[in-house]
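Subject: A structure for you to look at

Hello,

Here is the structure I promised to pass on to you. Please open it next to this email and follow along as you read.

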Amino acid sequence: MGFSITSEKDLSRVKKLFILLSIPVLFLVFGIGAGIASKDFTDILSGLVDINLSPTILITDFIKIGGVEATFINVAIVGLINIYFMFKYHLKINGVLIAAFFTVLGFSFFGKNIYNIFPIYLGGYLYTKYQKISFKDIIVVIMFGTALAPMISEISFSGILHPAAAVSIAIITGIFIGFVIVPLSSHMLRFHDGYNLYNIGFTSGIIGTVLTSILRSFGITVQPVHIISEQNHSIIVVIVIIILIELLFLGLIINRRAILDLPQIFSYKGRLVTDFTHLVGYGVTFINMSLIGFLSLAYVLLIGGIVNGPVLAGIFTVIGFGAFGKHLKNSIPIVVGVIVTAMFFGYELNSTGIIISVLFSTTLAPIAGNYGAIVGFFAGVFHMILVTNVGVIHGGINLYNNGFSGGLVAGLLIPVVDAFRKE
């Protein structure tokens with residue numbers, strides 16, 4: 001596109017890794033600090049146990065299950081594990097890895113914990129041994145693939161199987177998920193042709209539907225739940241703001257012209273694969289992540305929403321994909337389409353379900369980027385209609401329900417739009 005990054009300071013891989021490391025460390029410090037200041041530390045440990053022993057099916061808010069402090073520590077533990085893999089395998093800190101990291105962090109507020117992600121990583125590792133490839137090559141896919149982590153927790157702790165067999169069957173299922181999700185994700189990409197940023201969400205929706213159908217065939221019911229925190233915690237908002245300010249200042253330190261150069265990012269359509277760190281540099285990318293993160297948080301607060309676990313997952317995912325396809329120009333038409341549709345059908349905009357639909361709908365940003373605001377608006381309309389109905393298909397075991405819906409919308413809408421364009 002002819003954009004120059006010459007004004008940007010060179011940033012080593014270790015420095016980039018430390019930038020990401022700072023986020024789980026922040027949650028660890030606040031989690032332990034707030035826990036010590038407010039209550040007996042044993043309450044935090046008890047909260048962590050509750051988080052890891054909960055079925056975690058959609059929607060299970062860890063803040064409601066284990067409390068704020070225990071949830072922070074869960075987020076920190078999951079984040080640090082992924083930082084370890086990045087360090088051990090010398091992963092390049094690029095846009096897709098940043099998106100995966102923020103997504104995993106966000107979903108550690110509701111759905112992912114050390115117990116239920118471990119079998120999926122193991123399955124991915126065994127897949128690399130079988131295929132004789134490096135684990136390094138598939139880590140990002142596995143990070144996203146933990147979308148199906150609730151299946152492990154559901155089988156283990158919901159009481160649908162005898163306790164003696166439940167954990168073993170759950171771990172085997174998780175290993176199977178990790179083993180198959182890599183080859184399946186590359187095939188599923190063809191369905192939506194890169195217009196759904198949460199490709200693994202779509203893949204996980206398909207796998208989840210199959211697994212849930214198998215369980216239902218044996219008379220085992222898997223149904224979504226609705227366990228969410230209905231209380232705002234100022235400490236959560238403060239931490240999110242700290243992270244967004246950190247990204248803002250880092251962007252300016254790395255590239256003093258980052259704000260002036262920001263409009264350059266709007267020229268990119270966002271279709272997979274659009275790595276902003278490569279195209280416009282880390283300075284502009286961090287500014288973009290900070291900007292869409294601030295607007296996401298501001299939207300939630302202005303409409304009177306609760307910044308709980310699911311909403312935090314939405315905000316963190318938006319921030320992460322600010323490095324990998326999303327910006328204001330291609331996201332706003334989608335969001336407007338979702339909001340207008342929600343109002344038309346009489347949904348409350350400040351309910352958690354609608355808020356996360358708005359935030360995660362930006363998975364379809366490439367449609368607005370490539371086909372314009374009007375098509376993007378209607379993509380948002382169709383997304384809102386589908387996302388409120390597809391969760392029951394997979395029973396809530398796919399955390400990226402919006403990615404599943406987004407894949408369906410993109411796969412069905414794009415061929416129709418192209419057909420009219422040819423005429």
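Across the interface of domain 1 and domain 2, 23 residue pairs are in polar contact. Please keep in mind that this is a predicted model. On the side of domain 1 that touches domain 2, two or more residues each come from helix 1, helix 4, helix 5, helix 7, helix 8, helix 9 and helix 10. Helix 10 supplies the largest share of that side, with twelve residues. Sorted by class, the side of domain 1 that touches domain 2 holds 38 nonpolar, 19 polar and five charged residues.

To find the two domains on your screen, colour residues 13–227 as domain 1 and 233–418 as domain 2, as the domain assignment has them. Their centres, taken over C-alpha atoms, are 20 Å apart. In terms of contacts, 62 residues of domain 1 meet 59 residues of domain 2.

You may wonder how an interface is given a size. Often the accessible area lost when the parts come together is used. For domain 1 and domain 2 the buried area is about 5,200 Å², and carbon and sulfur atoms give 75% of it. Within domain 1, the residues that lose the most area to domain 2 are Tyr-195, Leu-197 and Tyr-198, which together make up 19% of what that side buries.

Now for the salt bridges. How many does a search of the whole structure find? There are two. One joins Arg-271 and Asp-193, where the closest N and O atoms are 2.8 Å apart. Arg-271 sits in the loop between helix 12 and helix 13, and Asp-193 in the loop between helix 9 and helix 10, so this pair ties together parts that are 78 residues apart in sequence. Arg-271 is partly exposed, at 31% relative accessible area, and Asp-193 is also partly exposed, at 41%. Between domain 1 and domain 2 the count is one salt bridge.

The side chains of Arg-257 and Asp-261 also meet in a salt bridge, with 3.0 Å from N to O. Here the partners are set differently: Arg-257 is partly exposed, with a relative accessible area of 42%, whereas Asp-261 is buried at 5%.

Next, have a look at two residues in loops. Thr-362 is in the loop between helix 17 and helix 18. Is Thr-362 buried or exposed? Its relative accessible area is 5%, and because buried means under 20%, Thr-362 counts as buried. The side chain of Thr-362 has a polar contact with the side chain of Lys-326 at 2.7 Å, and it also reaches the backbone oxygen of Leu-359 at 2.6 Å. Beyond residues up to four places away in sequence, Thr-362 touches several others, among them Leu-197, Tyr-198, Val-318 and Ile-334. You have met Leu-197 and Tyr-198 already, among the residues of domain 1 that lose the most area to domain 2.

Phe-135 is in the loop between helix 6 and helix 7, and it is buried as well, with 5% relative accessibility. Leaving aside neighbours within four places in sequence, Phe-135 is in contact with Phe-85, Tyr-89, Tyr-121, Gly-124, Tyr-125 and Thr-128. Phe-135 and Tyr-125 are ten residues apart along the chain, and their C-alpha atoms are separated by 5.9 Å.

Finally, some backbone details to check. Where are the cis peptide bonds listed here? One joins Leu-58 and Ile-59, with omega about -10°, and Ile-59 belongs to the loop between helix 2 and helix 3. Another runs from Leu-272 to Val-273, with omega near 10°; Val-273 is in the loop between helix 12 and helix 13.

Two residues that are not glycines have a positive phi: Thr-56, at about 65°, and His-90, at about 50°. Thr-56 is in the loop between helix 2 and helix 3, and His-90 is in the loop between helix 4 and helix 5. Their surroundings can be compared on your screen: Thr-56 is buried, at 0% relative accessibility, whereas His-90 is exposed, at 52%.

Have fun exploring, and write back with any questions.

Best wishes

Methods:
Residues are numbered from 1 along each chain as its sequence is written. This is a predicted model: local features need pLDDT of at least 70, side-chain atom pairs count only at pLDDT 80 or more; totals for chains, interfaces and linings use all residues. Side-chain values use heavy atoms; hydrogens and water are left out. Domain bounds come from an automatic or database domain assignment. Contact means heavy atoms within 4.5 Å. Buried area is the accessible area (1.4 Å probe) that two parts lose on being put together, summed over both. A salt bridge is a side-chain nitrogen of Lys or Arg within 4 Å of a carboxyl oxygen of Asp or Glu. A polar contact is a pair of N or O atoms within 3.5 Å; within protein, one must be able to donate a hydrogen and the other to accept it, and residues adjacent in sequence count only if both atoms are side-chain atoms. Helices (H or I, at least four residues) and strands (E, at least two) are DSSP runs, numbered from the N terminus. Ala, Val, Leu, Ile, Met, Phe, Trp, Tyr, Cys and Pro count as nonpolar, Asp, Glu, Lys and Arg as charged, and the others, Gly among them, as polar. Buried means under 20% relative accessible area, exposed over 50%, partly exposed in between (1.4 Å probe, protein chains only).
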